[in-house]
Amino acid sequence: MPVNLQKAEFVLSAVSPKTFIQDGRPQVAFAGRSNVGKSSVINRLLNRKNFARVGAAPGKTVHVNYFNIDGAFYLVDLPGYGYAKVSKAERDRWGRLMEGYFAQDRDIALVLSLVDSRHPPSREDLQMLDFLIDQELPFLVVLTKVDKLSPRERRERLAAFRQELPMGEELAILPFSAQTGEGREELRAILDQLENDLLGEEEGE
């Protein structure tokens, strides 16, 4: 049965690893640079205009935010990385939150690694993907803001990503636009399949 994305509820904004949720419910984490548009992707996915905060300036997600989706799983909005216009102490705090999230024992069903489609992946993007590959975590690369590319630019950037990303020829890559909704149905189908797979595992136990 498809997950009802309209049944979405903000649960918690965690400020330290000791307040992270570990209740056995699967978690789908959103990771990416602070200006990649994570909140906009979440809002478009859920068809909720201002459900996840969208700031005029990047770097607004400074906590680990949990959203309960239809009682089935959590969407987890992780702090954005790579934003230079904050203090080193603040960047270090964000880094500790990220490290703490991935270090704790929890059911991470999927990581959505968001990358701005208009530019080559940053050093931090590559580090994140290397980490996900090394830890053997299930992940999907979501290329954001594809509506801002011309058809030619889009073809060129998609081809370039296959060369620029680690294991690029083998990665699952989803173009996404929070403005037009491109990619939403594909991402929804992935989450539905994820839930079906998890239910199947529970029934097989």
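This note covers the sheet and helix α4 of a predicted model.

1. The strands form an open sheet of 7 strands with mixed pairing, in the order β1-β3-β4-β2-β5-β6-β7. At its edges are β1 (8–14) and β7 (173–175), each of which pairs on one side only. On average, neighbouring strands of this sheet are turned by 25° against each other, direction ignored.

2. Within the sheet, β2 (residues 27–32) pairs with β4 (residues 73–77) over 4 bridges, in the parallel sense. V28 has L75 of β4 standing opposite. In general, strands of a sheet pair through backbone hydrogen bonds, either parallel or antiparallel.

3. Helix α4 (residues 151–164) lies across three strands, β5 (108–116), β6 (139–144) and β7. The helix runs at about 160° to β7. Its length is as expected: at 1.5 Å a residue, the 14 residues of α4 should span 20 Å, and the end C-alpha atoms are 20 Å apart, which agrees.

4. Which residues of α4 are buried? They are R157, A160 and F161. Viewed down the axis of α4, the buried residues fall within an arc of 110°, so they line one face of the helix. An α-helix has 3.6 residues a turn, so residues three or four places apart point the same way.

5. The cover over the buried residues of α4 includes β5 and β6, two of the strands that the helix lies across. On the other side of α4, the residues P151, R155 and Q163 are exposed.

Note on methods. Residues numbered from 1 in each chain as written. Predicted model: local features only at pLDDT ≥ 70, side-chain atom pairs only at ≥ 80, totals over all residues. Heavy atoms only, no water. Pairing = 2+ DSSP bridges. Axes fitted to C-alpha atoms, helices over the stretch in contact; angles between N-to-C directions. Contact = heavy atoms within 4.5 Å. Expected span 1.5 Å × (residues − 1). Buried < 20%, exposed > 50% of the residue type's maximum accessible area, 1.4 Å probe, protein only. Arc of directions from axis to C-beta.
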